[in-house]
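Subject: Structure for your review

Dear colleague,

Please find below the structure that I am handing over to you. My notes on its salt bridges follow it.

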Amino acid sequence: MPSQDYSQAAKLSERLEQRLVDSLESDFKTTRRAVLGGLGLAGSAALTGVGRADSNEQHGPGEDSHGNFGAVGEYRDLDFDPHEFLYQFNTGRGEQENVPQDIYEENGRTVREFEFTAVDTTVTIAPGIEFSAWAYNGQVPGPTIRAVEGDLIRVKFTNLGRHAHTIHPHLRNLNPEMDGIPTNGPGVLNTGESFTYEWIAQPAGTHFYHCHSLPLKEHIHRGLYGSIIIDPDPERVAERPEEYCNFHRSQITDELRAELVAEAKSRNHEYPENDAVNEMVMVMNGFDTNFDGDNEVYAVNTRAFAYGVGETDGQGNWKAGETKRPIQLDKNQRHRVYLVNAIEFDLINSFHTHSQFFDYYDHGTTLTPTLQTVDTVMQCQAQRGIIELDYSNHDPGLYMFHAHQSEFAELGWMSFFEVI
């Protein structure tokens, strides 16, 4: 059975919302455990009022302080939709209006070209709470780039922010001038400066990009990061299968080669086999709202509790305008999560599924799993991987997933899949 039913999940959120509102009457301190108390109430770019999300202090008569997840109110800022972000892969074919892009052939190689800017902006991290961010193309996380291994990724980058920035890719980059660090190539780009980065898309896998200006922790924490998905080339897999699994070339059988090629086709967005897979990008991040070196808000794709529970008919149909709702999964479809950890200040983050086990591919660089039949994985900052989910034998309903650092879950990194 699902880990929560719809009425229980709704009550769970409502009770926490009321507890958070009540806490405002007695606590306006901005602390690590207090920030989410202000969710949903009127706020500004500076936190105007926050209350206790939980504490060891006594509560008022009749107040139940245990057993609830949620956040107050709906998101009113619709400039960024974490539900849309899950499925936004920029391949050069104009998938996002705020990401100018193109795809063409040059010297016998496919070129995927993107225009990136770094800007100072504010992003909504919880209802009524904004965070002063530095962002690629005005969003946190930055746009997801997708290419096929062997392609040339060309990024025309302009810094429109007040601070010096770069773009550093976690790829096998053969040209040190393109590394996006202060000491190489153009170094850091000051306000108004531009540079064109060029990277060969290799190796296949789930990868990370971020600003490498100093102080590094501030530039990453403020939001200058994103994902690069490199699809495996099935033809290359057929020629060099040993590079995609933990077997020596002498151990590769025809059957294993065929399995690896089939898996590569399922991961390559240019093959019809990929159409059968529901693919999602999840970037685990956190926000230090009072800049004390600790995060007060945690999330997947920036917005706390964005994949929580709203109003539904219990049959997969959600009330129009719901900005917090589960991620809907067809039980008969294969599901793939490209998971990236962009957290700053905390040593590790994690991903845990309720009532489900999955296969995990660390960094996504292999076509055979590095971990099989697990329900929790840990990642340090910049670590990433692929999670393969199968709900074909599960009953329809809500299945929770969250960080298994419990504090992270209580402060925003708690979500639901809705299996239909």
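A residue is called buried when its relative accessible area is under 20%, exposed when it is over 50%, and partly exposed in between. Please keep in mind that this is a predicted model.

By the rule applied here, the count comes to 19 salt bridges. Three of the pairs are described below.

Arg336 and Glu388 form a salt bridge in which the closest N and O atoms are 2.6 Å apart. Arg336 belongs to strand E13 (residues 334-341) and Glu388 to strand E18 (residues 384-389), so the pair ties together parts that are 52 residues apart in sequence. Both Arg336 and Glu388 are buried. Through shared partners, salt bridges join Arg146, Asp231, Glu263, Arg267, Glu279, Arg334, Arg336 and Glu388 into one network.

Within that network, the side chains of Arg146 and Glu279 meet in a salt bridge at 2.9 Å, N to O. Because Arg146 is in strand E4 (residues 145-148) and Glu279 in strand E10 (residues 277-287), this pair ties together parts that are 133 residues apart in sequence. Arg146 has a relative accessible area of 2% and is therefore buried; Glu279, with 6%, is buried too.

Is the pair of Arg162 and Asp120 buried or exposed? Their side chains meet in a salt bridge at 3.0 Å, N to O. The pair links distant parts of the chain, 42 residues apart: Arg162 is in the loop between strand E5 (152-159) and strand E6 (168-169), and Asp120 is in strand E2 (residues 109-126). Arg162 counts as exposed because its relative accessibility is 63%, whereas Asp120, at 29%, counts as partly exposed.

Yours sincerely,
A colleague

Definitions and conventions:
Residues are numbered from 1 along each chain as its sequence is written. This is a predicted model: local features need pLDDT of at least 70, side-chain atom pairs count only at pLDDT 80 or more; totals for chains, interfaces and linings use all residues. Side-chain values use heavy atoms; hydrogens and water are left out. A salt bridge is a side-chain nitrogen of Lys or Arg within 4 Å of a carboxyl oxygen of Asp or Glu. Helices (H or I, at least four residues) and strands (E, at least two) are DSSP runs, numbered from the N terminus. Buried means under 20% relative accessible area, exposed over 50%, partly exposed in between (1.4 Å probe, protein chains only).
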